[in-house]
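Here is a colleague's note, set out as numbered points, to be read beside the sequence and the model. Please check each point against the coordinates as you go.

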Amino acid sequence: TVFGTGFDTGCATGQSGCYLCKFERANSVTYYGGSIGCSDSSCSGALSVPTSTTEIQCVLGDWSVVNAAGVIGVTLLHGNGSVVTHVYDASPTSGAAADKEILTKQSWTALSPTSSLLTTTATFTVLGAGFDVSESYRCVARHTPTNAIECAADTDCTSQAVTTDCLHGVVCYNQRCTEEVSYDTNSIPSSLSTLQCTVNTTFWGSCFASTATVSLILETFLASSWQVVTFSGATGGDTVAFVESWVSATPSAGNKFGFESLTITGAGFDVNSRYQCRFSFGTATLDSESVLPTDPQTMACVTPNWASTAGLGGGAATTSLNVVKDGAVITAENSISYDFQD
């Protein structure tokens, strides 16, 4: 809505014609708009008729299709192309240049994938509008624990535990002290609507259990500081799941009568939950006794007595190895075997 005085409500029959707005920004494609967004400066058939002698409405089309978000200058025009004078142009003491500007803000609406193994660095594709292909962006992952402290500023969170060796911090987010892990590799958008960002989830997985409720925050570097890019998508569309996983078992072989230690290495293990190592060959499956992880990256199973209890006549076997929690198989990065030997 453009405010002023003396607008011609009978402009349809006036000499200068009705009105349209010109929207422009340096290094951007100029837009025009009257009663609807216009394809060119003539705004043929779409000029705006003032709602009163003091108000006119102009429609700005989808600026983000070809332009980055930012401050847009507005010029009010008659249909014949003549400019309607702004008070600042007539007398700078009567107004301000900012009165002729509107601020468009970039935003994002969706990301993929929506989960990541904690044993790998995660790359997310972020979709949005108005990204600036000349600016840097980064993704920050945040998780609010159930026992999070209420806060008004980051300084309120100093008493909440911080594990610095995981490149982990605590910030005030949505009035709760929130765990944060970020990755210092910044990215440049591939287009006005698409960018890829990286989060080193291995830092999270080395110190914390997996979680399905991690908020992903998109930030851009503007005016010498990192600023949050607004999320405007569906509820929950800005969350990802960090999934526990494992990568190796050491040693890869042992005596078929078992009772040997088998170290499992991974990320995101819950030190308060019990896990089992599961050995399978054909129709035979044996689980180890359940154990608590030593830390979020390590657990040690004791191999079962395969020869006496597998029901295969006491022979050796190269078994498929899985890690199980609460009856569910934990994701492994690769297929891993364990060799019960004579």
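1. The model is predicted, and a convenient place to begin reading it is the bridge register in which Cys 21 stands opposite Gly 33 in E3. That register belongs to the pairing of E2 with E3, which is antiparallel and extends over three bridges.

2. The hairpin formed by E2 and E3 has six residues between the strands, and within this hairpin Asn 27 takes a positive phi near 60 degrees. Val 29 lies in the loop between strand E2, residues 19–24, and strand E3, residues 31–33.

3. Val 29 deserves a second look for its surroundings at the surface, where it forms a nonpolar patch with Val 65 and Val 66, the three together having about 250 Å² of accessible area. Because its relative accessibility is 44%, Val 29 counts as partly exposed.

4. Strand E2 also pairs with strand E6, residues 70–78, to which it is joined by six bridges in an antiparallel run. In this pairing Phe 23 stands opposite Val 74 in E6.

5. Elsewhere, an open sheet of four strands follows the order E24-E21-E19-E27, and its pairing is mixed. Strand E24, residues 298–302, and E27 stand at the edges with a single partner strand each, so one side of each is left without a neighbour in the sheet.

6. The antiparallel part of this sheet can be followed strand by strand. E21 and E24 pair in the antiparallel sense over five bridges, with Leu 262 opposite Cys 301 in E24. Strand E19, residues 245–250, pairs with strand E21, residues 261–267, likewise in the antiparallel sense and over five bridges, and here Thr 250 stands opposite Thr 263 in E21.

7. Which sense, parallel or antiparallel, does the pairing of E19 with strand E27 take? The two strands pair in the parallel sense over two bridges, E27 comprising residues 331–332, and the bridge partner of Ser 245 in E27 is Thr 331.

8. On the aromatic side chains, the structure holds eleven aromatic pairs, and ring pairs link Phe 279, Trp 306, Tyr 338 and Phe 340 into a cluster. When these contacts are inspected, it is useful to recall that a pair of aromatic rings is described by the distance of the centres and the angle of the planes.

9. A last point concerns a charge placed over a ring: Arg 142 lies over the face of Tyr 173, at 5.0 Å from the ring centre.

Key:
Residues are numbered from 1 along each chain as its sequence is written. This is a predicted model: local features need pLDDT of at least 70, side-chain atom pairs count only at pLDDT 80 or more; totals for chains, interfaces and linings use all residues. Side-chain values use heavy atoms; hydrogens and water are left out. Rings of Phe, Tyr and Trp (its six-membered ring) pair if their centres lie within 6.5 Å; planes under 30 degrees apart count as stacked, over 60 as edge-to-face and the rest as tilted. A charge sits over a ring if NZ of Lys or CZ of Arg is within 6 Å of the ring centre and within 35 degrees of the ring normal. Patches are made of residues with over 30% relative accessible area and no salt bridge: like charges are joined within 9 Å, nonpolar side chains (Val, Leu, Ile, Met, Phe, Trp, Tyr) within 5 Å. Accessible areas come from the Shrake-Rupley method with a 1.4 Å probe; for residues, only the protein chains shown count as cover. A salt bridge is a side-chain nitrogen of Lys or Arg within 4 Å of a carboxyl oxygen of Asp or Glu. Buried means under 20% relative accessible area, exposed over 50%, partly exposed in between (1.4 Å probe, protein chains only). Two strands pair if DSSP finds at least two bridges between them.
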